[in-house]
Amino acid sequence: MTYFDDLETRSADAREAAQLSALNAQLEMVAKAANSCLPDVGKLQSLTDLSKLPVLRKSELGAWQKDTPPLGDIPTQNITRLFQSPGPIYEPGGSSTDWWRFSRFLHAVGIGADDVVQNTFSYHFTPAGAMFESAAMGVGAKVFPAGVGQTELQVEAAAALGVTAYAGTPDYLGAILEKADAMSVDLSKITKAAVSGGPLFPQVRQAYADRGITCLQCYGTADVGHIAYETPTMEGMVVEETAIVEIVTPGTGTPVAEGEVGEVVVTALNPDYPLIRFGTGDLSAVMPGQSPCGRTNMRIVGWRGRADQAAKIKGMFVRPEQVARFVDRHPEIDRARVEVTHDGKSDAMLVKIEAAQPNGADYAASIREVFKLRADIEFVSPGDLPRDGVVIADLRE
């Protein structure tokens with residue numbers, strides 16, 4: 001087993017010390033920004049102190065970018081690319097090798113200096129194509145910047161260039177291979193696939209394995225770059241060394257216990273674009289223990305749904321942030337969960353409250369004030385609400 005660098009096998013203490021130092025440096029830089037909304041918490045003493053800071057939402061990014069286009073108040077001396085995602089939200093990119101930090105993932109797939117990578121991620125508007133091109137260069141591989149579409153030409157180019165590795169969405173590799181079969185073109189040199197941006201179903205992975213292709217997936221976003229990646233053991237996803245990942249209750253910044261599902265919140269240790277506690281909107285959970293591959297960083301279980309569980313009830317939107325505000329009003333409440341049903345005529349809202357000792361507070365009044373709706377209330381015993389990251393369950397068919 002070879003590793004990308006020594007960071008992957010360092011001790012937990014060494015990792016926290018290095019990340020904490022980098023984080024405090026970024027916080028100091030962000031605090032100097034004219035429009036910084038971070039509270040002044042001083043120098044953090046441990047990574048657990050991150051929970052003192054608010055979660056940053058995409059909607060806030062959009063507002064800041066409108067105030068001071070194109071990227072808010074961040075210094076741009078190392079920014080050489082600008083991208084646009086739906087919203088619109090604009091993301092930066094740099095020209096330094098592996099600026100988005102995906103090389104570690106490509107190394108885990110086995111991609112290196114002897115490979116030619118067919119990069120089918122989009123180079124249009126969004127940064128995915130540039131992300132994986134930069135990562136391939138970071139492991140010394142050659143890149144064919146194929147982009148999306150024109151499958152017949154993709155096949156011809158793969159054969160002519162001696163492509164050995166694929167980068168793109170999980171399903172498009174299958175389309176290329178099927179087209180190659182139809183054209184009687186041999187693409188058996190492709191033995192490695194680095195995929196993201198869509199679900200990798202077990203049967204799809206197995207179909208590639210039957211062709212002699214090792215296919216692993218990673219998790220990242222346009223905003224923060226690389227977050228976590230599979231290794232050949234395929235037991236969870238190891239967190240990227242330059243990212244700090246928290247799993248929190250949706251709508252809050254409160255970390256959940258190990259193994260519980262919550263929203264993925266990422267702090268990317270990238271001084272060129274210092275996003276602190278960025279809420280991805282994705283659900284996952286921390287996987288206990290250490291990866292059998294020998295990498296020592298935290299693992300997450302992979303994607304478990306979306307955290308932005310807004311539901312429209314009787315014409316009013318109910319959001320996870322409102323559930324969090326309701327819980328904060330009553331310290332005796334451990335958790336709450338909104339369930340929405342429909343009886344054929346109208347919507348019905350039920351608020352389940354998990355509390356060891358409800359104190360007789362006027363919960364109904366709080367619900368009306370916070371949600372602007374009336375709801376039935378059901379008390380449940382501690383531990384009865386599932387730890388699945390769901391705070392608003394829409395049960396309407």
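Biologist: In the lining of the largest pocket, how many residues are nonpolar, polar and charged?

Modeller: This is a predicted model. The largest pocket has a volume of about 1000 Å³. Its lining holds 41 residues, and among the closest to the centre are Tyr 219 and Gly 220. Sorted by class, the lining has 21 nonpolar, 12 polar and eight charged residues.

Biologist: Which element gives the most to the lining of the largest pocket?

Modeller: Several elements give two or more residues: α4 (128-138), α7 (202-210), β7 (214-221) and β12 (278-284). One of them leads with five residues, and that is β7.

Biologist: How far apart are the C-alpha centres of domain 1 and domain 2?

Modeller: The domain assignment gives domain 1 as 12-241 + 289-305. Domain 2 covers 311-394. Between their C-alpha centres lie 37 Å.

Biologist: For which residues does UniProt list "domain: AMP-dependent synthetase/ligase"?

Modeller: The span is 28% helix and 27% strand, and its end C-alpha atoms lie 26 Å apart. The UniProt entry is unreviewed, and it lists residues 110-266.

Biologist: Why is one side of β19 and of β20 left without a neighbour in the sheet?

Modeller: The open sheet has four strands, in the order β19-β18-β17-β20, with mixed pairing. β19 (376-380) and β20 (392-394) stand at its edges, so each has a single partner strand.

Biologist: Which residue in β20 stands opposite Val 340?

Modeller: Strand β17 covers residues 333-342. Three bridges join β17 to β20, and the two run parallel. Opposite Val 340 stands Asp 394.

Note on methods: Residues are numbered from 1 along each chain as its sequence is written. This is a predicted model: local features need pLDDT of at least 70, side-chain atom pairs count only at pLDDT 80 or more; totals for chains, interfaces and linings use all residues. Side-chain values use heavy atoms; hydrogens and water are left out. On a 1 Å grid over the protein atoms alone, a cavity is a set of points where a 1.4 Å probe fits but cannot get out, and a pocket is an open set with protein on both sides within 12 Å along at least five of seven lines; lining residues have an atom within 4 Å of a point. Grid points are joined across faces, edges and corners, and a volume is the space filled by probe spheres set on the points. Ala, Val, Leu, Ile, Met, Phe, Trp, Tyr, Cys and Pro count as nonpolar, Asp, Glu, Lys and Arg as charged, and the others, Gly among them, as polar. Domain bounds come from an automatic or database domain assignment. UniProt positions are given in the numbering used here, feature names are shortened, and annotations may be inferred rather than shown by experiment. Two strands pair if DSSP finds at least two bridges between them.
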